[in-house]
Amino acid sequence: MKAVLIIADGLGGRPTDLAGKTCLEAASTPHLDALASRGALGLVDPIGPGVRPGSDTAHLSLLGYDPRRVYTGRGVFECFGIGMDVCQGDICFRANLATAEETPDGLKITDRRAGRIDRGQDQLAAVLNDVKLTVSPKISFEFQPSTQHRGALLLRGHSIRLSSQITENDPHAVGAVAPDSKPNPDVIEDAAARVTAAAVNEITKRSFELWKDHPVNRARMESGKPSANVVLLRGASDAPHLQSLESTYRVKGAVIAGGALYRGVSLACGMCQLDVDGATGGLDTNLGAKAEAACKALETYDYVFIHVKGTDNAGHDQDAEAKRDFIERIDRELIGPLAQQLDWSKTHIAFTGDHTTPIDFGDHTTEPVPVLFAGPNVMPDGTQEFHEREAARGGLCRFSGQVLPILFGYCNWSPKFGA
Ligand code: ZN
Ligand code: ZN
C-alpha cells in the first residue's frame, strides 16, 4: 500500500467569499470532483468543534497528535524546519531580522522586517554566532536565517537548565522600544527562566552592536534600504515529546512543503524532507514539480505528505479571486497529474485543509473543512463534487483531526488498540 496526504492551507471558506459561494465551490475542480465521486467526503474540525486553529496545532491534530498535550510553541517547528538539530532541553525561538534605532529608552524598532532583506543574512548570522555569552559560559546559541527577515534561534544549556517561560522582546509594533525579556510573572523566582531571559537580552544587545555598522548594512543604507541591525525573538518553546509516526505505524514517510513551519512539524513527527525546486510556500509555487516529486518519492517511501500554502496566503490577503484561481491550479497541476500517475490498485489519498481562512475575516476561523478520501478500500458515498456543501452530505460525516490515522487505516497500517 501507498498513501498520499495533501493539505491545502486555509482551504475552507464561507458563503460570503464569492457571491454566496466559497472559493472552493466557485472553483472548477474536475480532478477533485472525480476523486470525490469514487471516494468519500466528510467535514473535519482540524482540532475540535469551535476551536480556532493555528496552522501548527492544526497540523499536529490532523497528523493524529493531541496538540493540547504535545504543543510547546511555534519556535521549535521553525528550528526543525530550517534544518537545525533540536535536542531535549533546548529552547527554540522564531527570530526576525529588524531595524532598530538607539534611543535613551532602548532600541526603538522602526521596521520589524528590516525592509524584507533578501541578501546578506548569512553574513550577519556568522558574526552573531561567534559571540560567547557572558551571562553564562554554559549557554550556547545558534541563529539561522531562513527566508527574507525570518529565521530561528536555538538556545542550549550545557549542564544548566533553561526555561521557555519567558517574555518575548518583539514589541509587535513599529515605533515601540523592544522590551527586555523577563521570566513570566508566575515563574519570576525560577533561576532557569531568569538566565534564559538574560541570554535573550544579551543576544539582542550584541546583535545590534555587531550589525549596526556591518558591511551588509552599510551597503543597505547606501542604497536607501532599512538596516537589518537587530534580532527580535518570540515564540520561546521547548523541544516537544512526539512519538514518531514511524514508530507508531512502522511506515516511512516524506514531506514536500515550501514553508519552514510545515516542514518543521513534519520533521518533528519523524518524516523525511524532500527538497523540490520551485516549492516556495507562496502562490507562485511549482505544483507540477511537487506532483512529480511525490510520485518519485513513493518508489522509496510508504507515504508522502504534500503541503500547499497559497490558499491561506490568498485568504489572509482577502483576495477571493486569487484563492479560487489557486484552488483551480491545485486541481489542474497537482491533483490531475497525481490522479493519472498513481497506482490506484494500491494507493489511498486524503485531501483537506488545516482550517478555514474566509475572505471576509482574512484570518483563521473555527468552521470545519471538507476532507476527501479515495482509494481501493474507501466505500464510495455517492458524493459527486469536492467542496464544503457537498462534504456536509458526505458519508464520513463530521469528525475532529485524525486525518492521517484514518488514511493509514485504509492502508491497513494502524496498530490494534487492545487485544
Ligand atoms: Zn494553516
Ligand atoms: Zn494562516
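Visitor: Is Cys-295 buried or exposed?
Guide: Cys-295 is buried, at 16% relative accessible area. Buried means under 20%, exposed means over 50%, and partly exposed is in between, using a 1.4 Å probe and protein chains only.

Visitor: What kind of model is this?
Guide: This is a predicted model, in which local features need pLDDT of at least 70 and side-chain atom pairs count only at pLDDT 80 or more, while totals for chains, interfaces and linings use all residues. Residues are numbered from 1 along each chain as its sequence is written, chains are lettered from A and ligands numbered from 1 in the order in which they are written, and side-chain values use heavy atoms, with hydrogens and water left out.

Visitor: Back to cysteines. How many disulfides are there?
Guide: Zero, from a search of the whole structure. A disulfide here is a pair of cysteine sulfur atoms within 2.5 Å.

Visitor: Why is Cys-272 not in one?
Guide: The closest cysteine sulfur to that of Cys-272 belongs to Cys-269 and is 13 Å away, which is too far for a bond. Cys-295 is in no disulfide either, as its nearest cysteine sulfur, in Cys-411, lies 15 Å away.

Visitor: And how accessible is Cys-272?
Guide: Cys-272 has a relative accessible area of 34%, so it counts as partly exposed.

Visitor: New topic. How many helices and strands does the protein have?
Guide: The protein has 15 helices and 13 strands. These are DSSP runs numbered from the N terminus: helices are H or I with at least four residues, strands are E with at least two.

Visitor: What is its radius of gyration?
Guide: It is 23 Å, which agrees with the value near 22 Å for a compact globule of 419 residues. The radius is taken over C-alpha atoms, and the globule rule is 2.2 Å times the number of residues to the power 0.38. Along the principal axes, the C-alpha atoms fill a box of roughly 70 × 55 × 40 Å.

Visitor: What share of the residues is buried?
Guide: 57% of the 419 residues count as buried. The protein exposes about 17300 Å², and carbon and sulfur atoms supply 48% of that area. Accessible areas come from the Shrake-Rupley method with a 1.4 Å probe, and for residues only the protein chains shown count as cover.

Visitor: Which helix is enclosed, then?
Guide: One of them is α3, residues 55-62: eight of its eight residues are buried, so the helix is largely enclosed by the rest of the structure. The buried residues include Asp-56 and His-59. After α3 comes Gly-64, with a positive phi near 105°.

Visitor: What about α15?
Guide: Six of the eight residues of α15 (403-410) are buried, so α15 is also largely enclosed by the rest of the structure. Among the buried ones are Leu-404, Phe-408 and Tyr-410. Just after α15, Asn-412 has a positive phi of about 65°.

Visitor: Which loop residue outside glycine has a positive phi?
Guide: Gln-148 is one of them, with phi near 50°. Gln-148 sits in the loop between β5 (139-145) and β6, and is partly exposed at 29% relative accessibility. Cys-397 is not a glycine either, and its phi is positive at about 55°. The place of Cys-397 is the loop between α14 (388-391) and β13 (398-400), where it counts as partly exposed at 49% relative accessibility.

Visitor: Where is Met-271?
Guide: Met-271 is in the loop between α10 (260-268) and β9 (272-273). At 4% relative accessibility, Met-271 is buried.

Visitor: What does Met-271 touch?
Guide: Contact means heavy atoms within 4.5 Å. Leaving aside neighbours within four places in sequence, the contacts of Met-271 include Leu-63, Val-255, Tyr-303 and Phe-305.

Visitor: And Val-177, where is that?
Guide: Val-177 lies in the loop between β6 (150-157) and α7 (191-211). It is partly exposed, with a relative accessible area of 29%. Leaving aside neighbours within four places in sequence, Val-177 is in contact with residues including Thr-103, Leu-107 and Pro-171.

Visitor: What share of contacts joins residues 24 or more positions apart?
Guide: Such pairs account for 73% of the contacts with a separation of 6 or more.
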